[in-house]
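Here is my note on the model you sent round. Please read it with the structure open.

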Amino acid sequence: MPRALRWSILTLVMVFLIGPFFVIAAAALHGGETLAFPPRDLSFKWIAKVFEVESFRASFGLSILLAIGSTALALALGVPAAYALDRYRPKGSEAIRLMVTAPIIVPGIIVGLALLRYLVIPVDMPMTLALFVAHTALLIPYAVRVVSASLANLRVDIEEAAVLLGCSRIGAFLRVTLPNIKSGIFAAFILGFVTSFNQVPISLFLAGPGVSTLPIDMLWFMEFTYDPSVAALSALLALMSMLVVLVAERLLGFSRYV
């Protein structure tokens, strides 16, 4: 394939992937009272308004806490599960993997409806706790699959050598295995955090008055308002996501492990 054609295809792919972000960012800078593209006059007033909306501030805080908490719990449950499935291979391990992967395969809207019908309503579970349980259940498969991939690339005899030298199984895991799969754990955390923060189908069924994640609050806001503030908020969230990945790469040296 000619080099010029390769670069042309690469350029088209990048425009397809990044183009929507530039459209949203440009619409966020529109100075009019309604959403429009291309912007006829530039203004930062809608970006400033994002920080003035109380519901956005409250839902953003809930989304951050929910994403961090559910991702941490999913890793706390998923890392031992991935280790047991990869190292000990219990009977029926493939069936267990299939069950663990089920929340990824089943559409989120069905998972949200099932949790609402058979978990939240029968036990009268608080909405915040229901969101936490639902997001954790959704993120466990990501933790198991990503950490399992890291464990598959780690030679078993390295851990066995630590055991032969007098280290306990738990000590070998903490001192040898865990440091060698930290890139996978970090990748699972980033993936889980982003998935939880941007989750819509499951959160849509479990959110309610006074308890709402940021994506759901944005949907409700757009039902009554058509100004560019939602576009401004979307652009800020995209920039925040890119900043998180950039800082993590620079500070943690993530690029050295992948």
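The points below go from the whole chain to single helices and then to one residue.

1. Status. This is a predicted model. Please read every point below with that in mind.

2. Fold content. The protein chain is helical: 12 helices, zero strands. Read from the N terminus, the elements run α-α-α-α-α-α-α-α-α-α-α-α.

3. Dimensions and contacts. The C-alpha trace spans about 70 × 60 × 35 Å along its principal axes. Take the contacts in the protein chain with a separation of 6 or more: residues 24 or more positions apart account for 69% of them.

4. Burial and surface. The protein chain has 258 residues, and 36% of them are buried. Its accessible surface comes to about 15200 Å². Carbon and sulfur atoms hold 72% of that surface.

5. Charges. There are 18 positive and 14 negative charges in the protein chain. The mean position of the positive set lies 12 Å from that of the negative set.

6. Helix 1, length. Helix 1 covers residues 3-28, which is 26 residues. At 1.5 Å a residue, it should span 38 Å. The end C-alpha atoms are 37 Å apart, so the expected and modelled spans agree.

7. Helix 1, kink and burial. Where is the kink in helix 1? It lies at Ile 18, shortly before the proline Pro 20, and amounts to about 45°. The buried residues of this helix are Ala 26, Ala 27 and Ala 28. With helix 1 running over residues 3-28, please view the kink and these alanines together.

8. Helix 5, length. Helix 5 takes in residues 108-123, 16 residues in total. The expected span at 1.5 Å a residue is 22 Å. Its end C-alpha atoms are 21 Å apart, so this helix agrees with expectation.

9. Helix 5, bend and exit. Helix 5 bends by about 35° at Leu 116. Asp 124 follows the helix. The phi of Asp 124 is positive, near 55°.

10. Thr 136, setting. Thr 136 sits in helix 6, which covers residues 127-152. Is Thr 136 buried or exposed? Its relative accessibility is 5%, and the cut-off for buried is under 20%. Thr 136 therefore counts as buried.

11. Thr 136, partners. Which residues does Thr 136 touch, leaving aside its neighbours within four places in sequence? The contacts are with Ser 70, Leu 73 and Ala 74. I suggest viewing Thr 136 in helix 6 together with these three partners.

How values were computed:
Residues are numbered from 1 along each chain as its sequence is written. This is a predicted model: local features need pLDDT of at least 70, side-chain atom pairs count only at pLDDT 80 or more; totals for chains, interfaces and linings use all residues. Side-chain values use heavy atoms; hydrogens and water are left out. Helices (H or I, at least four residues) and strands (E, at least two) are DSSP runs, numbered from the N terminus. Buried means under 20% relative accessible area, exposed over 50%, partly exposed in between (1.4 Å probe, protein chains only). Contact means heavy atoms within 4.5 Å. Accessible areas come from the Shrake-Rupley method with a 1.4 Å probe; for residues, only the protein chains shown count as cover. Lys and Arg count as positive and Asp and Glu as negative; His and the chain ends are not counted. The place of a charge is taken as NZ of Lys, CZ of Arg, CG of Asp or CD of Glu. The expected span of a helix is 1.5 Å times one less than its number of residues. The bend at a residue is the angle between axes fitted to the seven residues ending there and the seven starting there.
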